[in-house]
Structures are given as structure tokens and as C-alpha cells.
Amino acid sequence: MLSRTAKIPLVSSHPEVYEPCDDSFALVDALLADRTNLLQHHPSICMEIGCGSGYVITSLAVMLGHEGSIPYYIATDINPHAIRVTRETMDAHGVYAELVNTDITSGLEKRLAGSVDVLVVNPPYVPTPEEEVGCEGIVSAWAGGENGRSVIDRILPAADNLLSDRGWLYMVTLTANNPSEICLEMRNKGYASRIVLQRSTEEESLHIIKFWRDSDCQLELKNLNYWTKLVRS
Amino acid sequence: MRLLTHNMLSSNIKGVANRFPLKIEVVKVVEKEVDFNIDFLKNMFHKVEWKALAEASRTMGYTELPETADATMLDSDDFLHKFHHALLELHLEEGALVCPETGRKFPVNKGIPNMLLHEDEV
């Protein structure tokens with residue numbers, strides 16, 4: 001049987017790049033669990049924010065790549081070592097993504113707005129002192145500031161801007177990130193959500209959440225705005 | 001870096017009004033063959049800023065793209081193959097992307113654009 005994820009021995013590494021770990025495996029398992037839907041979705045543009053070792057975007061390309069039309073894959077990371085390691089990991093699996101060394105989606109938000117059909121994010125979600133956020137090298141892979149939300153709270157509006165009308169976002173969260181609050185915030189932007197996978201390890205409890213634009217949410221939002229306006233006027 | 005990605009990138013420097021398209025400085029271009037996919041091209045045609053693509057491909061040494069294009073041209077096999085080549089097969093391997101307003105260069109090394117900003121540009 002063809003492998004449906006990236007193979008760990010083929011994943012490249014560097015001392016300053018986060019290696020595939022429980023959170024990476026949970027995200028890939030969630031994508032695998034949703035693979036049939038992803039194949040039927042026929043995404044044109046798939047993107048990963050913070051590609052690290054490249055394990056996740058490579059796995060996505062491997063699991064979607066053999067059937068039908070191949071989408072345009074694009075991945076970003078703030079860490080230049082991560083970008084190089086991702087390139088090596090993808091080459092080793094015979095898949096390709098365009099890679100951009102940038103902070104979240106900086107430089108892409110204007111022209112790629114409303115275009116991304118599948119967005120995957122394993123953000124730096126670990127609660128840390130605020131000054132560790134955005135540090136160079138491997139620290140950028142986990143340092144999430146207060147409640148681990150500093151970078152997540154910058155990613156969510158970026159995701160909302162990039163996702164197409166039929167776009168899906170898969171994101172890793174930790175219980176400390178307050179995932180229900182994240183879902184509520186996304187609901188206020190018109191997104192429905194569901195937990196694709198929940199996994200508790202010795203150290204942490206992870207949720208992989210899928211978000212998609214939902215007309216009911218948007219209708220609700222419109223009504224809410226309407227009533228708010230009415231009450232104010 | 002494919003020209004599709006060039007077409008999706010803008011200068012991200014704070015306070016800049018004229019962000020797109022980034023000019024291309026070529027040091028090395030490589031060509032990599034990609035499977036031809038009509039549906040993908042038709043889909044992308046509507047996302048691509050044609051003038052920027054045509055000019056970028058000329059800078060990269062490919063002069064076959066017309067100055068302007070409209071959706072009726074997607075019926076032409078010849079047009080689709082040229083569009084495919086310019087969009088997906090030409091890679092800027094070494095060079096730079098240049099902010100159209102400030103002239104600030106974003107280096108491209110081993111096909112990877114570096115859009116990281118200095119502290120005073122954020």
C-alpha cells in the first residue's frame with residue numbers, strides 16, 4: 001500500500017528546527033481522518049503557516065497527491081532553517097511546495113486573500129513569557145506568550161483573510177489556549193467548527209479543530225448586526 | 001520560486017502604498033517541467049494579475065506571453081501551454097524581488113524568497 005503520510009526517516013532535520021512530535025502527528029492524523037472529504041473538496045490552493053520540518057505539508061501533499069489534479073501548495077515559516085529543512089523533506093518524498101520565509105503570511109495577504117482552500121496550522125501554542133515570542137530559531141516553533149495565544153491571535157485574522165469561500169482551516173490547539181473561546185471568536189467571523197481529533201499525551205491535551213465558513217453562522221451574524229444596529233438607532 | 005508565487009507576493013513594508021508587483025532581479029532562472037492541468041490553469045487565470053505575470057516572464061527571459069489576456073483565450077491550447085509554462089515551470093532560483101516604491105530588495109536564494117522585515121520596517 002502507498003504510504004499516506006511523510007516517512008519519518010525521510011524527514012530532514014536541523015538543531016534549530018522543531019522535529020515532528022505528538023502535536024505534528026495529531027495534526028496529520030486529523031488530516032488523514034478527513035482525507036476522503038479533502039479529496040472530494042478538490043482544493044486548488046493548500047497552505048501551511050509555520051511548516052517547521054515540513055512533516056505536515058509533505059504529508060498533506062502525499063495523501064492528496066496521487067489522485068486527481070495536484071493543488072498549488074505554499075508554506076511559510078519565520079525560521080530560515082525550517083524553510084530549508086522543509087525543502088529537503090519534500091524533495092525526499094518527491095512532492096513540491098512553494099516556500100516563503102516570512103512572518104505568518106506577511107507579503108501574501110494582499111494577493112492571496114480569499115484564495116486558500118485548505119489551510120493547516122500547528123502554531124506556537126505553548127504558554128511562555130511574552131518576550132520569548134518571535135525569538136529566532138527553534139523557540140519560534142513553540143513560544144506562544146500568554147496562554148499560548150499571542151501568535152494564534154495573529155494567525156486567526158490572517159486565516160480569515162486568506163481562506164476562500166469554501167476554505168477549510170485545520171489548527172492545533174492546547175487546552176491552555178482556551179479552544180472554546182477560539183471557536184467562539186471564529187463563530188463571530190462566520191465560521192463553524194468541529195473537533196476532528198482530540199489527543200491527550202503525558203504532557204498536554206491537544207485538540208485539532210477544523211473551521212469552515214458557514215452560511216448559518218453568517219446569517220446569524222447578519223441578524224445579530226441588524227439587531228445591534230436597530231437597538232442602537 | 002514560481003511566477004505564480006511572485007504574482008501572489010507584495011511588498012510588506014509598513015506605510016508603503018505601491019506594493020505590487022515586485023520587480024524581479026534575475027541572477028539564475030531554472031525550468032522544471034510540471035504536469036499540464038487545464039482545470040488548474042483556468043482556475044488560476046482569474047486569480048492572476050496578467051500584466052504582472054507577462055512582465056515577470058519577460059524579465060525571466062520568456063517572451064511568449066501576450067501583453068493582455070482575457071478569458072476567451074482559455075479556449076486556445078497554444079495559449080494555455082504558454083500560460084502553464086510561465087506560471088509554473090519558470091523558477092527564479094537566485095535573485096531578488098524589489099519593492100516598487102522603496103527599492104528595498106527581498107533576496108531569493110535557492111528559490112526561496114525572504115520576506116522578513118527589519119525592525120524599522122514593521
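Here are some friendly questions and answers about a predicted model with chains A and B.

Me: Let's start with the sheet in chain A: what is the order of its seven strands?
Reply: Happy to. The sheet is open and its pairing is mixed. From one strand to the next, the twist averages 15 degrees. Read across, the order is β3-β2-β1-β4-β5-β7-β6.

Me: Which are the edge strands of that sheet?
Reply: An edge strand pairs on one side only. In the order β3-β2-β1-β4-β5-β7-β6 of chain A, that description fits the strand of residues 98-101 and its counterpart at the other end, so we can name them by the pairing rule. The edge strands are β3(A) and β6(A).

Me: How many bridges join β5(A) to β7(A)?
Reply: Take both partners of β5(A) in turn. On the β4(A) side, the strands run parallel and five bridges join them, with Val121(A) standing opposite Met171(A) of β5(A). On the β7(A) side, the strands run antiparallel, and Leu169(A) stands opposite Phe211(A) of β7(A). The number of bridges between β5(A) and β7(A) is seven.

Me: How many of the twelve residues of β5(A) are buried?
Reply: Helix α5(A) lies across β5(A), along with β1, β4, β6 and β7 of chain A, and its direction is at about 160 degrees to that of β5(A). The strand β5(A) is mostly covered. Its buried residues number ten.

Me: At about what angle does α4(A) run to β3(A)?
Reply: Helix α4(A) spans residues 80-93. It lies across two strands of chain A, β2 (72-77) and β3. Its angle to β3(A) is about 170 degrees.

Me: Why are the buried residues of α6(A) on the same side of the helix?
Reply: In this helix of residues 179-188, the buried residues are Pro179(A), Ile182(A), Cys183(A) and Met186(A). They sit on the same side of α6(A) because the arc they cover around the axis is only 100 degrees. What covers them includes α5, β5, β6 and β7 of chain A. The face turned away from this buried side carries the exposed residues Ser180(A) and Leu184(A). The value behind the one-sided pattern is an arc of only 100 degrees.

Me: Which residue with a positive phi follows α6(A)?
Reply: Helix α6(A) covers residues 179-188. The residue in question follows that helix and has a phi near 100 degrees. It is Gly190(A).

Me: On to the contact between the chains: which residues of chain A lose the most area to chain B?
Reply: The contact takes 25 residues from chain A and 24 residues from chain B. Between them the chains bury about 2,100 Å², with 57% of it on carbon and sulfur atoms, and the salt bridge count is zero. Three residues together make up 30% of what the chain A side buries. They are Tyr72(A), Asn101(A) and Arg111(A).

Me: Is His91(B) buried or exposed?
Reply: This histidine is found in strand β2 of chain B, residues 90-98. Beyond its sequence neighbours, it is in contact with residues of both chains, including Tyr96(A), Glu98(A), Met1(B) and Lys28(B). Its relative accessible area is 1%, so it falls under the 20% cut-off. His91(B) is buried.

Me: How far apart are the C-alpha atoms of Lys28(B) and Leu92(B)?
Reply: Lys28(B) is in strand β1 of chain B and is partly exposed, at 43% relative accessibility. Not counting residues up to four places away in sequence, Lys28(B) touches His91(B), Leu92(B), Glu93(B) and Glu94(B). Although Lys28(B) and Leu92(B) are 64 residues apart along the chain, their C-alpha atoms are separated by 6.4 Å.

Technical notes: Residues numbered from 1 in each chain as written. Chains lettered and ligands numbered in written order. Predicted model: local features only at pLDDT ≥ 70, side-chain atom pairs only at ≥ 80, totals over all residues. Heavy atoms only, no water. Buried < 20%, exposed > 50% of the residue type's maximum accessible area, 1.4 Å probe, protein only. Helix = DSSP H or I, 4+ residues; strand = E, 2+ residues; numbered from the N terminus. Arc of directions from axis to C-beta. Contact = heavy atoms within 4.5 Å. Pairing = 2+ DSSP bridges. Axes fitted to C-alpha atoms, helices over the stretch in contact; angles between N-to-C directions. Buried area = accessible area lost by both parts, 1.4 Å probe. Salt bridge = Lys/Arg side-chain N within 4 Å of Asp/Glu carboxyl O.
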